[in-house]
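I am keeping these notes while I look through one structure, entry by entry. I want to write down what I looked up and what I found.

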Amino acid sequence: MSKFLTRHQKPVLWTLLVVFIAYGFYFWDSVRTTSILNFTLSYALPLILAAMVGIIGERSGVVNIGIEGQMLFSAFVAFFAAAATGSLIMGAFLGMAAGLLAGAFLGIAAVRWEMDQIIAGVVINIVAAGITSFYYTPGKSLPAIVPRIKIPVLSEIPLLGPVFFNKSVFVYLTLIIVVVLQIMLFTSKWGLRTRAVGEYPSAADTAGINVFRTRIFNVAIAGILAGTAGAYLSLDAAGWFERGFTAGRGFLALAIMIFGAWNPLGAMAAALFFGFASGMASQLQADEVINIPQQFINMLPYVMTLVVLSFSAGKVRPPAAVGQPYKKEG
Amino acid sequence: MIQGEEAKKLHPTLSYLVQKQSLVVPLIAVLVAFLIGSVLIALQGVNPVGAYQTIFNAALGSERGLLRTLEKTTPLILAGLAVAVALRVGLFNIGAQGQLIMGAFFATWAGFTFTNLPALLHVFVGLLAGVIAGGLWAAIAGVLKAYRGVHEVISTIMLNSIAIALLDYLVNHPFKEPGQALPRTVPIFETAQLPKLGFVPVGFLLALLVAMFISWVINRTTAGFQFNTVGANKFAAAYAGIKIKYIVVASMLLSGGLAGLGGAVESLGITYRFEPAFNKGLGFDGITIALLARANPLATIPAAFLVGVLRSGAPSLQFDYGIEPEIVDLLLAITLLLVAAPILGKLIFRKYAKKSETISSGWGS
Amino acid sequence: MRRIRIAAGISILALVLAACSTGADQADDSNCADAEVFCIGLITDTGKVDDKSFNQSAWEGALAAAEELGGVAKYVETVDSKDYANNIAQFTDKSYDAIVTVGFLMAEATVAAAQQYPDVHFIAVDQFQGETLPNVTGLMFPEDQAGYAAGYLAGLMTKTNKLGQVLGLEIAPVQLFAKGFEAGAKASNSAVDVTTVYHPPADNAFANPVWGGQEARKQLDQGADIIFAAGGGTGNGGLIEIAKDPAAGESVFCIGVDMDQWNTVPEAHPCLITSAMKLITPGTTQLLLQVADGSIAGGNFYGQTGIAPYHDFEDVIPDDVKDAVADVVAGLKDGSIQTGVTL
């Protein structure tokens, strides 16, 4: 624990600062603070999952620009499967399977076929947009709603309780995924191999790691997370499927991944920042406190991202072998 | 060129085909995509032959259709070029959309602001305004990349959203047409309108010239050589004394300028005013086109034409057969997949197939 | 072996796609040039005809008219707003008798086409006609009145004195609904506080149910107990989210828009007390029938607005509230009540 603290001084301090400020606002206006943070989390959730997809891919050396399509396709499958089978669980399961399929496609195309990774991603996006609007059928609805699960004791904590511990299973799943991924990526054997494959594939190969298999496996598994994000969007967040309704979240997630310096926890923080900014934009509009055209409030998170990055970027760098198909020598 | 040596042993026709396979493969890809598409169409209970006839008839069979097809092709060529140029330097300009709408707005602005300009000059000023607006918008991403190390994918995504909000403000407040419920600008003066020659929009001819010019720049000039070198290997480029930062900014400026020109041509040639609903998705189609063309400037012309034909024929397909226009996106996706995946080449040319190359090598840095 | 696997994969995919094939459903219009056959064309201004609100209601109106007249109705969904003229030409080429253009983005294209094709009558939904053309009838609606009636109901029903609005893009018809709602709520309950939030400007402002749901949730969290969701798919997302609230139907309610959304968004049944309707379907049908019998006039035609039946909430809403709202609806109709809404 103390080792963790000394190694991660800055992020820990920042987190404490944010929590401190949040509680400050909470005691000033508990209703607004809680509701804006609720908005923040639900806005950020698909972005967090999608950023994890990007991180796993890039950490193993594969660019995934098709997250948008993977989510859209999974959301489509999840919704219509749930409507057809009458079971949300079945819908979520098949949605994740659809994500796995889309992820496996990217993995095989990028690694086995040595296809340009960006093209492979763009293909996924276009195919997903085409299939989901071409085969969309109106008049279907979900059999039930995704229940909230109240976690005893924890949900009673002021502010943190309602925001984090009285949510649907997707929220808990996402938080677990982020933490597990953070730990796995930097301490487990799988994480070591993944990073080796993404940084120095030839060295990894020499060390006996199967570069091809690791990359395909990782990108496919990441597809399941994209599937989870898609299922969350259609089954929980919207309760409905609308053509093209991922609305650029997959691309935004790439930005968030970079913002978070290819770290799961960092990306989560970045996604929460976006969610918070978006929540504040609508809150300022609702409260009519300041007389700024709403367009300027809406562009604020994007401008801030650019400003923040222009001061902090350059210090982080992507995995070295990202975007390059690995070719065995000889 | 071992491939070339080996190919000489083949029958002359075959060897010709093997050497021209970068041309043959896309053609076959389109054919195969249409075959797969015909299965999908047949599954909808529609005769595929009739469906394709409808598309081509609507897009190419009449002067009106041809005009619309060429009008659609024009901004697609320019957006495709924009993405392709950046790809040459190893930059992935996902923000062509934002640059395009900036160009579209500022061309319109020049079109309704300057009075008493002679027609030719006014058109030129309008186009120039579009190029500058798009170029500067992209150059922000270029500068951030070169001097602050901000990844161009993230910055151009952000700039897309900022452009949408900014233009929405401009058409809702300072430049809103008075007395209109709809947020939009006033129309441009007639002197700023790009004319049509029969069924050929002048903008289309302009786009063709620009594509040829860019092809020349990329393949025959020192600047182009530097672009390609930076794209292929940054370290080698730096070793050779190329100013990488300068090239990054210059290429984004050029890329954004092309996208802005695409928007300008739309505004001055078709819409004659700016409305946020116009120009939807053109920049993203540009990505598809640049990838279909494998970042080859001249190849963006047929790629954009293909997209233009399909998009201009699709409404008739829905009209005649009730097939949703999104079938076009399926066809394009299959084509892109077949062009990009080396499978098709391997199936046809076996051991003579060219190895696939990465065109976007600069992602990681 | 590899190729066999690929082929097998493709054929499985094809089978799956075939299983969910929707099938072509466009009518036969080969006889439209005949004077006896009445043909109706409909063009959307970028949306889909199954959007559960605006476009769908116009399309249902066209279908009803075609059935009544024994004629033909067909639609084209616009993907690119620069295709309006060409999409209209599809219908005029085949000598259609009436063309319905849905949405005010099409205003200019409609007028231009009407001048070009004087023999075709155009029904221009949501497009105000500043100058009267003999063959264009703008189907307009006083959206503020529908919003006012719904807001009046909400003002009487709220316990927290907080109302919310989750809206699509900030454009005229939506603004009229929203301002009408606020005016109505203030008229019935001077203590009421109305939160108004429009979707940020974007291509998907009317198709972002995720944002709609999140914004509705936020307003509920801040104490709003009745929320007016007006904004196509964005609003529908709001309705569905409100329906999920444990208190939905008891102390938390939602109000839909455009159509009676009880029929189009069944997910919202737990909370949907009414919808602020613009009766596009009967308005479209009525005008089309007038085109058929030749009694149609150019200019603007004001369709009906109103609020939808209370359905399952018939017993939840007190009788005196129902009476008061009915009086307001009547007053709006005969002009004794003005909403006072200006843009």
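Entry 1, burial in chain B. I began by looking up how much of chain B is buried, and found that buried residues make up 59% of its 365 residues. I must keep in mind that this is a predicted model.

Entry 2, build and shape of chain B. I looked up the secondary structure, which comes to 16 helices and two strands in chain B. The radius of gyration of chain B is 22 Å, close to the 21 Å that the globule rule gives for 365 residues, so I can call the chain as compact as a globular protein of that length. Taken along the principal axes, the box that the C-alpha atoms of chain B fill is roughly 70 × 60 × 35 Å. Of the contacts in chain B with a separation of 6 or more, I noted that 77% join residues 24 or more positions apart.

Entry 3, confidence. For chain B I found a mean pLDDT of 88, with 94% of the residues at 70 or more. Residues 361-365 of chain B are a stretch where pLDDT stays under 50, although the model has 20 contacts for them beyond four places in sequence. Where pLDDT is low, the predicted coordinates should not be read in detail.

Entry 4, chain B against chain A. Which helices of chain B each supply at least two residues of the side that touches chain A? I first noted that 42 residues of chain B are in contact with 45 residues of chain A. The helices I was looking for are helix 7 (119-148), helix 8 (152-172), helix 13 (282-292) and helix 15 (327-340) of chain B. Helix 8 of chain B has the largest share, with eleven residues. By class, this side of chain B has 26 nonpolar, eleven polar and five charged residues.

Entry 5, chain C against chain B. Here the contact takes 27 residues from chain C and 29 residues from chain B. On the chain C side, helix 1 (2-19), strand 2 (72-77) and helix 3 (84-93) each supply at least two residues, and helix 3 of chain C gives the most, with four. I found that this side of chain C divides into twelve nonpolar, eight polar and seven charged residues.

Entry 6, the nonpolar core. The largest nonpolar core has 342 residues, and those with the most contacts inside it are A:Ile256, B:Leu336 and C:Ile40. Helix 3 (residues 30-59) of chain A provides the largest share of this core, 16 residues. Leaving out residues up to four places away in sequence, I listed the residues that A:Ile256 touches, among them A:Leu47, A:Ala51 and A:Phe274.

Conventions
Residues are numbered from 1 along each chain as its sequence is written. Chains are lettered from A and ligands numbered from 1 in the order in which they are written. This is a predicted model: local features need pLDDT of at least 70, side-chain atom pairs count only at pLDDT 80 or more; totals for chains, interfaces and linings use all residues. Two residues are in contact if their C-beta atoms, placed from the backbone, lie within 7 Å. Ala, Val, Leu, Ile, Met, Phe, Trp, Tyr, Cys and Pro count as nonpolar, Asp, Glu, Lys and Arg as charged, and the others, Gly among them, as polar. The radius of gyration is taken over C-alpha atoms; the globule rule is 2.2 Å times the number of residues to the power 0.38. A residue is buried if 20 or more other C-beta atoms lie within 10 Å of its own, exposed if 12 or fewer, and partly exposed in between; C-beta atoms are placed from the backbone. pLDDT is the predictor's confidence in each residue, from 0 to 100. A nonpolar core is a set of buried Ala, Val, Leu, Ile, Met, Phe, Trp, Tyr and Cys residues joined through C-beta atoms within 7 Å.
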